[in-house]
Amino acid sequence: MNEKLKKLFFKGANFLGVNLPIMGGAMTWVSENNLVSATSNAGGFGVIAAGSMSPDMLEKEIIYTKQKTTKPFGVNLILLHPQIEDLIQTCIKQKVSLVVFAGGFPKRRQIEKLRDKNIKTMCFATTSSIAKKMISYGIEALILEGNEAGGHIGPVSINVLVQEILPEVVNVPVFVAGGIGRGEIFLKFLELGAAGCQIGTRLVCSEESIAHKNFKDIFIKSEARNCQVSVRLDNRFPVIPVRAIENNASKKFIDEQKKVIELLENNNISLKDAQLKIEHFWAGSLKKAVVDGDIENGSLMAGQSVSLVKKIQPVKDILNEFVNQAKQQLKEESKVL
Ligand SMILES: Cc1cc2nc3c(=O)[nH]c(=O)nc-3n(C[C@H](O)[C@H](O)[C@H](O)COP(=O)(O)O)c2cc1C
């Protein structure tokens, strides 16, 4: 491999214990043992999406993944999950190498619990102050995820996050995510100081992904402009925005919000339970599309990089494309200099 690329890969690859600092972003219903092991076997770092799994289901998923790869992989835990403490315990029992916390910010004791057992932790940072707070809690790496990404998103693009937060974080590796579909842009983020990247949308149509054929087909047909952000109905009820290919599920989400807001207004539900209800809606709706192939009524969570998804291909080829595009870019630049 090109010497410069080797150097740029070193920090992230060394942190993850793999060859390529490319994380397969956890995708609920999609990132299970087949895709995760394929990502790690291809030299990247696969991450199981615990999503709404019970601790027993997660344990089985970790065991199946270990049967398919000897390489390191991680587990993504959603902090809102009612059994979050038991899920953490499952990761400790199964000695996973890294836990990625999502859907909020972990507590110091949750990070320390894992750290005491030599399990690395990672979470998303949405501002510099949150990044610093998480580092002070002992988090070992951060992800900056731009709102180009698929699924639940923040309000800011990766272009701005890398200018605002990346230069401020010097003591832990920072991975970037959201709208990363090719190696040239991956290279540029590494040159700016990122340790690696996390990709989701590009892996949905991998051969190893168990997503339904209909789900994969609609990804191949869709353009960036088809991936829109969900509408928030009422500022008093802050739902996390979701980016998905527009269909009936986008409209159904508005009806679901109306129902939940009514329950809240009538004091029939707590704010936390209301948020959980919304999350259950998304998980159920995503399952309908990913597992059952109902692309009319199920949620088609996808990032803007969907326009770079052209065909079904093995994970190894997708990761190799990233590396070759980065290499080619460096070659072109060396000709100009
Ligand atoms: C279908 C789908 C499901 C996702 N589910 C999760 C999830 O369960 N947990 C999480 O932290 N991120 C989730 N994400 C975000 C990905 O992990 C990743 O950060 C994102 O896809 C990166 O942006 P990209 O799609 O532009 O590559 C999901 C994304 C998609 C497309």
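## Two exposed asparagines in loops

A residue counts as exposed if 12 or fewer other C-beta atoms lie within 10 Å of its own. In this predicted model, Asn267 has 7 other C-beta atoms within 10 Å and is therefore exposed. Asn267 lies in the loop that runs between α11 (248-265) and α12 (271-290), and its phi is near 55°, a positive value in a residue other than glycine.

Asn118 can be described in similar terms. Its place is the loop between α5 (108-115) and β5 (120-124), and although Asn118 is not a glycine, it has a positive phi of about 65°. Is Asn118 buried or exposed? With 9 other C-beta atoms within 10 Å, Asn118 is exposed.

## The barrel

The strands β1-β2-β3-β4-β5-β6-β8-β9 form, in that order, a closed barrel of 8 strands with parallel pairing. On average, neighbouring strands of this sheet are turned by 25° against each other, with direction ignored.

One of the pairings in the model joins strand β3 (residues 73-78) to strand β4 (residues 98-102), in the parallel sense and over 5 bridges. Within β3 and β4, Val75 has Val99 of β4 as its bridge partner.

## Two domains and their contact

The domain assignment of the protein gives domain 1, which covers 3-210 + 310-329, and domain 2, which covers 213-304. The centres of domain 1 and domain 2, taken over C-alpha atoms, are separated by 23 Å.

Where the domains meet, 21 residues of domain 1 are in contact with 21 residues of domain 2. On the side of domain 1 that touches domain 2, β7 (151-152) and α9 each supply at least two residues, and the residues of this side divide into 8 nonpolar, 10 polar and 3 charged.

## The shell around the ligand

Where does the ligand lie with respect to domain 1 and domain 2? Both domain 1 (3-210 + 310-329) and domain 2 (213-304) give residues to the shell around the ligand, so the ligand lies between them.

There are 27 residues around the ligand, and those that come nearest are Gly25, Gly150, Gly151, Gly200 and Gly303. Among the elements of the model, β9 (196-199) and α9 (201-204) each supply at least two residues of this shell; β9 is also one of the strands of the closed barrel, while α9 also supplies at least two residues of the side of domain 1 that touches domain 2. By residue class, the shell divides into 11 nonpolar, 13 polar and 3 charged residues.

Key. Residues are numbered from 1 along each chain as its sequence is written. This is a predicted model: local features need pLDDT of at least 70, side-chain atom pairs count only at pLDDT 80 or more; totals for chains, interfaces and linings use all residues. A residue is near a molecule or strand if its C-beta atom, placed from the backbone, lies within 6 Å of it. Helices (H or I, at least four residues) and strands (E, at least two) are DSSP runs, numbered from the N terminus. Ala, Val, Leu, Ile, Met, Phe, Trp, Tyr, Cys and Pro count as nonpolar, Asp, Glu, Lys and Arg as charged, and the others, Gly among them, as polar. Domain bounds come from an automatic or database domain assignment. Two strands pair if DSSP finds at least two bridges between them. Axes are lines fitted to C-alpha atoms, for helices over the stretch in contact, and angles run from 0 to 180 degrees between N-to-C directions. Two residues are in contact if their C-beta atoms, placed from the backbone, lie within 7 Å. A residue is buried if 20 or more other C-beta atoms lie within 10 Å of its own, exposed if 12 or fewer, and partly exposed in between; C-beta atoms are placed from the backbone.
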